[in-house]
Amino acid sequence: MESLAQLEALCERLYNSQDTAERARAESTLQCFSVNTEYISQCQYILDNASSPYALVLASSSLLKQVSEHTLSLQLRLDIRNYVVGYLATRGPELQPYVTGSLIQLLCRITKLGWYDDDRFREIVKDSMNFLSQSTTEHYCIGLKILNQIVAEMNQPNPGFPLTHQRKIACSFRDLALFQIFQISITSLQQLKNDIDKRLKDQALSLALKCLSFDFVGTSLDESSEDLGTVQIPSSWRPILEDTSTLQLFFDYYAITKPPLSKEALECLVRLASVRRSLFSNDTERSKFLAHLMTGTKEILQTGQGLADHDNYHEYCRLLGRFKVNYQLSELVNVEGYSDWIRLVAEFTLKSLQSWQWASSSVYYLLGLWSRLVTSVPYLKSDMPSLLDEFVPKITEGFITSRFDCVQAILPDDLSEDPLDNVELLQDQLDNFPYICRFQYESSSLYIIKLLEPILQTYTEGVRLPISGDNDDLSIIEGQLAWLVHIIASIIKFKPSTSSSSEPQEIIDAELAARVFQLLQITDTGSHVQRYSQISKQRLDRAILTFFQHFRKSYVGDQAMHSSKLYSRLSELLGLQDHLMVLNVIVGKIATNLKCYTQSEDVIEHTLALFLELASGYMTGKLLLKLDTVKYIIGHHTRDHFPFLEEYKCSRSRTTFYYTLGWLIFMEDSPVKFKASVEPLRQVLISLESTPDTAFRTDAVKYALIGLMRDLRGIAMATNSRRTYGLLFDWLYPSHMPLLLKAVAHWTDTPEVTTPLLKFMAEFVLNKLQRLTFDSSSPNGILLFREVSKLIVAYGTRVLSLPTPADIYTYKYKGIWISLTILTRALAGNYVNFGVFELYGDRALADALDVALKLTLSIPLADIMAFRKLTRSYFALLEVLCNSHINVIVNLDTSTFAHIVGSLESGLKSLDSSISTQCASAVDNLAAFYFNNITVGEAPTLPAAVNLAQHIAECPRLFPEILKTLFEIVLFEDCANQWSISRPMLSLILINEQVTLQL
């Protein structure tokens, strides 16, 4: 670097330039500062002499990288630490905030990494106190920033730093320094109460929050999770938390500050409300703490201060939600002022429900609070009234009313914003509601029925109305009905477990369910049959499907015998005498949806998911076969009867459809019925087979192939026994297998065709539940593998010759990983004696393995590790090869062998335990082969052993490097599969005894 001015100009370009190429050139030139340890002294020179803040940031960030990624001497790290502390003391106040932040991060990283190396690293709190004792505001701010950063640094893992060592440092910091830092934050907040400098208050509040959010017991709380667990504050903190002024301090800060500071004060209160119960010295102290929390929250409700801000509002709802999580209802009712508090919380909840657009994500916490309160009532032993009888029905009604309002409010604006479309939000809102509703179930159900009856009447009258362009009124009614059906479904889902309360509640369940079954008689009649393309109609039908799913789990099949009261009432109301009749209604709706919906993927997917649930249930599956509708579906599964089968965007659903049909077909042990059922598919196969090559590249053939492969995969998935698989195998082989090769030959460059084809084959060769067990005299296993070999060779040779596409994963890698999966499953299925191929000079095995290896070697290792599914299929194949076909690996040339073994080392470092386990098994097999044939034997005679000895002679560091990696993982990483990872270590140690002693 010629001059400091030139470096400052480069730094300016690095951080400010709009030109990507110019930025990249500057980064390349300046990279030496963060990579080469010889440049550490130059970084100090830059800090001492540069005037540009960008140059200062470069120097501090380069030092941070050096400290994090290189092993520096203890003295050098101490020198850097002391230099940064002195630099911040002298020049800190005049620096830009981002420069100060970068230097503080460097100081805290050095402190963390050197925590156990020297006691002088632990003096960071003392150094911060020196800053706090200075007379200037800037020094005070720097002191608070250092404490903020050190708490954050200690609480987060660093990449490449062993988790066990990380946790050890965090625990030591918690015991030695964290309480003192929390005390500093409290003292600072008290002193700054009347200070006008917002920055200092922000830093002090942020510090208190970081201390209370510290991972005290190493549970690695998920920051993205909405639900906060119990805060495990150490017992040494007891005096400061039992001191009433601590809690009051945060309530005061909420009152005197504006967002975002007021939100931070509330976050601190949420954590204080979540502290473990056992922290308090006795029940009296805990009750005093609870009373203080209730008083503080009550005052906020009375004044409404700060709740106009959305962030404050959301955090305040979280605070209320914590009351019942951490305290018993008996404790709440015994607090003085409970009646006023519960009344205010009820009013606040009702207001929140009315402001559903503004508070939709916050209502979840309030409903959670009320559901926990009502579920605790049976256990309430106190003489004090809980007052829940008075408020809960109002909240039930308020919730239902708010759902109605949202339908009318949303419709004119934007249909896509409807909460009914957001499955997760809908689930959150309805999860807690059933408990609240069942608390006063009779009155709640009467309210629901009172709302439902007139809407149902209007919807019934709509059957006779002519179809008009303006159907907003009907859309609103369908939206309201969808909400009510979802609400009824959620109530039915949570059936009471106690027998004493279940009988009267079953009768009410029947009353509500009857209304949904009444609605079902209307939805697909008259003018409503023209509305399948309307989003509001689709939402209503999805709500009905959800109701069926929950009703089935509670009252159909195994549960039906315990629900006599429900069915006797349904019989009186609608003539539905038992669960078979209900099942007939449900299947009727499934058939209607599959016939009438051609465009809506969501409704088709939801319908098929319900159909599969019914078919795969042991009892419900048997019952389905008695129904005429199901017999009709099994006999008429063509696009003429079910138009969605023709719709390309619904083609993924075909697999589920045929999986369900297959499940039902195979329940009956009848080859004749099987052949009759799959006759439509046989016609498609014959049609495609008879298509000449010249006409095979047409859209009609393309979509017919895609559909057929998805259908066949569904049926293959349904074969779960040797008998059922035999039916499918005999039907397909040998007459229809050539079609697969013909399709691959013509459509290799079209993943829309090859992906479903290869996925079908991957399912067809999978030996799940030992279904591919042929007779001892049967050649079927060998014949099947020959078809696999032909397919992989045909696809692999063609895909390797294709030019590199822009979307390389979709057009190349996806097909390759499925091909590798097919071969892996065939090799590991244990239904082929592979010695036969070599014995009779059959090239099927050799050709398949040759093409598979060419496919794997055509992909850079970086890409293999980057795509998760590709990674899994690659290492699964290597494990099988090293286990059963080790000759293939060791007979490769040395550079290829070294590449494959090197990739196993990369796989061992994978965070996916299944991948690292596979790699460990592969390494173990390789090392054991070396030990058995080379280490303990005489001169190797087997060709494979000779080749392996030659490879290791040319690359002597291959096995020692893997052994070193394994030691590092086992000793320093927190791996879930330690037993599997450590297995290859014995065989590696035995073949590398001298190297092991040097490690």
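Okay, let me open with a small one: where is the place of Asn830? Asn830 sits in the loop between helix H41 (808-828) and helix H42 (835-839). Before I go on, please keep in mind that this is a predicted model.

So, Asn830. Its phi is near 65°, a positive value in a residue other than glycine. It's out in the open too: Asn830 has a relative accessible area of 73%, over the 50% cut-off, so it counts as exposed. Most residues other than glycine have a negative phi, and most peptide bonds are trans.

Leu387 is another residue with phi near 65°, again a positive value outside glycine. You'll find Leu387 in the loop between helix H20 (363-376) and helix H21 (388-410). With 24% relative accessibility, Leu387 counts as partly exposed.

While we're on backbone oddities, let's do the cis peptides. The bond from Pro259 to Pro260 is cis, with omega near 5°. Pro260 belongs to the loop between helix H13 (244-256) and helix H14 (261-273). Then there's the bond from Tyr733 to Pro734, which is cis with omega near 0°. Pro734 is in the loop between helix H37 (722-732) and H38.

H38 takes me to a tryptophan. Helix H38 covers residues 738-747, and Trp747 is found in it. Is Trp747 buried or exposed? Its relative accessibility is 4%, so Trp747 counts as buried. As for what surrounds it, leaving out residues up to four places away in sequence, Trp747 touches Phe696, Arg697, Thr698, Val701, Lys702, Leu705, Val753 and Thr754. Phe696 shows up in a polar contact as well: its backbone oxygen lies 3.2 Å from a polar atom of the Trp747 side chain. And if you want a sense of span, the C-alpha atoms of Trp747 and Arg372 are separated by 59 Å, with those positions 375 residues apart along the chain.

Next, a histidine. His637 lies in the loop between helix H32 (628-635) and helix H33 (651-667). It's a loop residue, and it counts as buried because its relative accessibility is 3%. What does its side chain reach? One partner is the backbone oxygen of Ser677, at 2.4 Å. Another is the backbone oxygen of Ile634, at 3.4 Å. Setting aside neighbours within four places in sequence, His637 is in contact with Phe642, Leu645, Phe657, Tyr658, Leu661, Ser677 and Pro680.

Let's go to the start of the chain for a serine. Ser17 is in the loop between helix H1 (4-16) and helix H2 (20-30). Ser17 has a relative accessible area of 12%, so it is buried. Its side chain reaches the backbone nitrogen of Asp19 at 3.1 Å. Beyond its neighbours within four places, Ser17 is in contact with Glu12, Glu22 and Arg23.

Now helix packing. Two packed helices are described by the angle between their axes and the distance between the axes. My example is helix H9 (residues 137-155) with helix H10 (residues 163-191): the axes come within 9 Å and cross at roughly 150°. That crossing is left-handed. On the H9 side the contact is made by Tyr140, Leu144, Leu147, Ile150, Val151, Glu153 and Met154. H10 brings Gln166, Ile169, Ala170, Phe173, Leu178, Ile181, Ile184, Ser188 and Gln191. By type, the residues in this contact split into 12 nonpolar, 3 polar and 1 charged.

One more from H9, since Thr137 is in that helix. Thr137 is partly exposed, at 36% relative accessible area. Not counting residues up to four places away, it touches Asp197, Arg199 and Leu200. Thr137 and Asp197 are 60 residues apart along the chain, and their C-alpha atoms are separated by 8.8 Å.

Last stop, the core. Which residues touch the most other members of the largest nonpolar core? That core has 342 residues, and the answer is Trp370, Phe547 and Phe551. Its largest share, 13 residues, comes from helix H25 (residues 472-493). Take Phe551: leaving out residues up to four places away, its contacts are Ile492, Ala513, Phe517, Val556, Leu566, Tyr567, Leu570 and Val582.

That's my tour, thanks for listening.

Conventions: Residues numbered from 1 in each chain as written. Predicted model: local features only at pLDDT ≥ 70, side-chain atom pairs only at ≥ 80, totals over all residues. Heavy atoms only, no water. Core = buried A, V, L, I, M, F, W, Y, C linked by side-chain atoms within 4.5 Å. Buried < 20%, exposed > 50% of the residue type's maximum accessible area, 1.4 Å probe, protein only. Helix = DSSP H or I, 4+ residues; strand = E, 2+ residues; numbered from the N terminus. Contact = heavy atoms within 4.5 Å. Axes fitted to C-alpha atoms, helices over the stretch in contact; angles between N-to-C directions. Left-handed = near helix turned anticlockwise from the far one by under 90°. Nonpolar A, V, L, I, M, F, W, Y, C, P; charged D, E, K, R; others polar. Polar contact = N/O pair within 3.5 Å; in protein donor to acceptor, adjacent residues only side chain to side chain.
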